[in-house]
Amino acid sequence: MFKRIMAPVDLAHLDKLERALQVTAEEAKLHNAAVTYVSVSAAAPSALAHTPDEFKARLKDFASQQALAHGINATSHAIISHDPTTDVDNALLKCVSDTGADLVVMASHRPGLADYFWPSNGGKIAAHTNASVFIVRDA
Amino acid sequence: MADQTANQGIPEPEGTAELINTEYEIGQDNVEGTLGPFGFDVHNPVFLISGLSIVAFVFYALALPEQASSFFGWLRPALTSNFDWFFLWSANIFVVFCLALIVSPWGSVRIGGPDAQPDYGYPGWFAMLFAAGMGIGLMFFGVLEPVYHMAISQPLGVPSPIAEDGTIIPGNVEAAKQMGLAATIYHWGLHPWAIYAIVALALALFTYNKGLPLTIRSAFYPLLGERVWGWWGHIIDTLAVFATLFGLATSLGFGAQQANAGLEHVFGIPNNTGVQIVLITLITGIALFSVLRGLDGGVKLLSEINMIVAALLLVFVLVAAGPVLILTDFFEGLVAYAKDVIPLSNPHGRQDTDYMQGWTAFYWAWWISWSPFVGMFIARVSRGRTVREFLTCVLIIPSLVCILWMAVFGGAAVDQVLSDPATSAVKAQVIDSYNPPISLFAMLESLPMAAITSTIAIVLVIVFFVTSSDSGSLVIDTITAGGKIDAPVPQRVFWCTFEGAVAIVLLVGGGLTALQAMVISTGLPFTVILLLMCWAIVKGLMAEKRVSG
């Protein structure tokens with residue numbers, strides 16, 4: 001049913017992604033689909049990486065680990081943005097078409113009061129892409 | 001290379017980055033959590049100390065207004081008159097240092113590593129350079145300064161062409177006109193941009209080439225080593241937040257008064273606190289919209305729009321006032337600046353203390369107190385340029401643009417004063433009485449289509465405030481998040497709103513003058529910090545690989 005899954009990940013908060021990563025791997029195996037792990041970062045140093053090259057390498061490593069752990073075909077796609085806080089939604093939307101993904105699997109928090117002011121990334125992606133979107137909430 | 005264990009297994013960087021080997025992990029001192037429905041991720045203790053000390057100083061200014069006003073009212077002129085030599089010499093050192101770097105072999109070091117591509121094209125980059133830290137000043141001083149220096153402050157003792165009875169003294173005209181422009185260009189040319197360039201280069205180098213967090217303390221790593229992550233660094237960052245927030249808030253408060261004076265002059269809108277609060281709320285509201293849209297969709301876009309409108313206004317004044325006359329002023333001003341920049345930069349044996357202390361030393365302290373904000377913002381948007389390209393574009397080209405601006409607006413105003421002193425509105429608002437916010441509108445009203453151009457000028461003033469406010473909020477948010485530029489959105493909303501709220505409280509309760517004097521006083525410690533940054537830049541560049549081009 002699906003050929004390519006795009007899985008946006010925040011490497012700084014992997015603890016919150018456990019269920020989403022599990023769902024990503026299961027969907028990939030079920031549909032024999034390739035997975036592209038996508039992440040957005042700034043060029044300035046962060047806790048994850050000092051440089052964009054480091055960030056790319058780190059995401060690539062993460063994708064390899066996922067491929068090995070779940071026996072799936074996985075690649076990575078790092079996006080370097082000027083202002084990740086505000087650019088992340090549009091960057092991910094562009095990435096859906098760039099990667100040719102037909103399914104997006106991503107984690108999202110449960111909606112709360114703040115979502116009336118700043119909609120969740122998952123909500124924004126689902127509202128603006130043609131691909132199917134699987135939002136995975138906390139247990 | 002980075003410590004693998006401490007950095008949770010960060011792989012070796014590709015390319016030839018010369019990262020500083022520190023065990024500090026960006027964000028390790030941060031406190032992450034939620035406050036009600038909103039997430040936060042702030043540096044402990046910089047966020048809390050900055051916020052609380054700002055509130056404490058606002059209370060001080062409100063609770064003891066006379067004491068605050070007399071203390072800071074004494075402190076600021078005391079610093080600029082006793083340390084005038086220190087400010088002037090330091091600014092000279094910054095200019096020479098930047099010019100020397102342009103021609104040195106280190107000029108070929110690229111910010112972000114040899115393979116880095118520029119983050120922004122030239123138009124967007126230039127627009128942001130101007131909009132953050134200088135646009136608003138050009139609007140207010142473009143007419144005022146050339147006229148004032150020509151007629152009143154008499155730099156280097158060049159006599160005024162205006163006699164006490166208001167008539168022109170023909171023999172003094174040419175020299176005074178040129179000196180008026182040269183003395184203005186001196187304040188808006190190489191020196192202020194060198195001040196911004198030093199901070200920006202130091203931060204860009206230690207962030208993008210050395211892998212340290214984007215925050216002021218990182219430039220002090222060569223000096224303080226690992227201690228920079230402790231209290232020394234906390235103090236430096238807190239001082240920067242403090243100066244930036246109060247600098248922006250007091251400018252916003254005064255700016256609202258000035259914009260209100262302009263609105264009254266042009267449209268007859270009443271000049272009172274209520275209108276000024278509406279203006280501050282409007283500016284803060286647009287700035288909020290801008291920070292929520294982000295760096296590209298908000299700050300850069302507004303900066304570009306503003307630069308286009310400013311350029312159109314510049315071309316209009318140039319054409320309306322007579323291009324030949326104005327371009328002659330421009331070249332004469334440039335020549336006069338080249339001739340007089342050395343005597344103007346020399347603080348010793350001068351008789352013109354009103355100009356040297358009241359204007360030059362004041363300006364230098366002012367630029368320097370703004371430099372953490374503007375410098376850090378420039379650093380953030382300058383990745384991918386070589387040091388030579390960076391300094392040429394941050395130092396030489398903005399200086400030329402400022403010279404052109406001053407020549408056009410100042411030249412047009414000076415010509416109005418000299419050609420018809422009896423009826424000149426500029427003479428009435430600058431020389432006969434001192435009304436800085438009206439000076440620009442006084443010049444425009446003597447040109448055609450004054451109603452349209454004055455409206456455009458008011459819009460420009462408001463939007464230049466917005467572009468300072470939004471970029472300032474991003475800078476403060478980054479510093480108080482320990483150098484993280486992807487902190488949750490509510491934080492930048494908080495700082496932007498806080499700045500507007502402080503401006504309103506100070507406007508209503510009094511204290512704008514006292515706290516602006518305090519901000520300018522921070523120029524003294526920051527001058528020392530900037531001198532140390534020059535040394536840090538050299539240390540940083542020595543470890544970098546130079547590339548061709």
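**How chains A and B meet, and how helices pack in chain B**

Me: Chain B and chain A bury about 2600 Å² between them, with 62% of it on carbon and sulfur atoms. What does buried area stand for?

Reply: It is the accessible area (1.4 Å probe) that two parts lose on being put together, summed over both. The model is predicted, so local features need pLDDT of at least 70 and side-chain atom pairs pLDDT 80 or more, while totals for chains, interfaces and linings use all residues. Residues are numbered from 1 along each chain as written, chains are lettered from A and ligands numbered from 1 in written order, and side-chain values use heavy atoms, without hydrogens and water.

Me: How many residues does each chain bring to the contact?

Reply: Chain B gives 37 residues and chain A gives 26, where contact means heavy atoms within 4.5 Å.

Me: What makes R492(B) and D83(A) a salt bridge?

Reply: The term asks for a side-chain nitrogen of Lys or Arg within 4 Å of a carboxyl oxygen of Asp or Glu. R492(B) and D83(A) meet at 2.8 Å, N to O, so the pair fits the rule.

Me: Where do the two partners sit?

Reply: The pair crosses between chains: D83(A) is in the loop between strand 3 (74-81) and helix 3 (84-99) of chain A, and R492(B) is in helix 17 of chain B. The rule finds two salt bridges across this interface and 14 over all chains.

Me: Let's follow R492(B) into its helix. Why are helix 10 (residues 273-321) and helix 17 (residues 489-509) of chain B called roughly antiparallel?

Reply: Angles over 145 degrees count as roughly antiparallel, under 35 as roughly parallel, 65 to 115 as roughly perpendicular and the rest as oblique. These axes come within 10 Å and cross at roughly 170°, and therefore helix 10 and helix 17 of chain B are roughly antiparallel. (Axes are lines fitted to C-alpha atoms, and angles run from 0 to 180 degrees between N-to-C directions.)

Me: Which residues of helix 10 and helix 17 of chain B meet?

Reply: Among them are T273(B), I277(B), L288(B) and G294(B) in helix 10 of chain B, and R492(B), C496(B), G500(B) and V508(B) in helix 17 of chain B. The contact of helix 10 with helix 17 of chain B divides into 13 nonpolar, seven polar and one charged.

Me: Why is the pair of helix 6 (residues 170-188) and helix 12 (residues 353-380) of chain B called roughly parallel?

Reply: The axes of helix 6 and helix 12 of chain B come within 10 Å and cross at roughly 25°. Helix 6 and helix 12 of chain B are therefore roughly parallel to each other. In their contact, A183(B), Y186(B), H187(B) and W188(B) of helix 6 meet residues of helix 12 including W359(B), W364(B) and W367(B). By class, the contact of helix 6 with helix 12 of chain B has eight nonpolar, two polar and no charged residues.

Me: What angle do helix 3 (residues 84-103) and helix 13 (residues 387-419) of chain B make?

Reply: They pack at about 140°, with axes 8 Å apart. That makes helix 3 of chain B oblique to helix 13 of chain B. C98(B), L99(B), L101(B), I102(B) and V103(B) in helix 3 of chain B meet helix 13 residues including R388(B) and L391(B).

Me: Where is the cis peptide bond?

Reply: The bond from N44(B) to P45(B) is cis, with omega near 15°. P45(B) is in the loop between strand 2 (38-43) and helix 1 (46-63) of chain B.

Methods
Helix = DSSP H or I, 4+ residues; strand = E, 2+ residues; numbered from the N terminus. Nonpolar A, V, L, I, M, F, W, Y, C, P; charged D, E, K, R; others polar.
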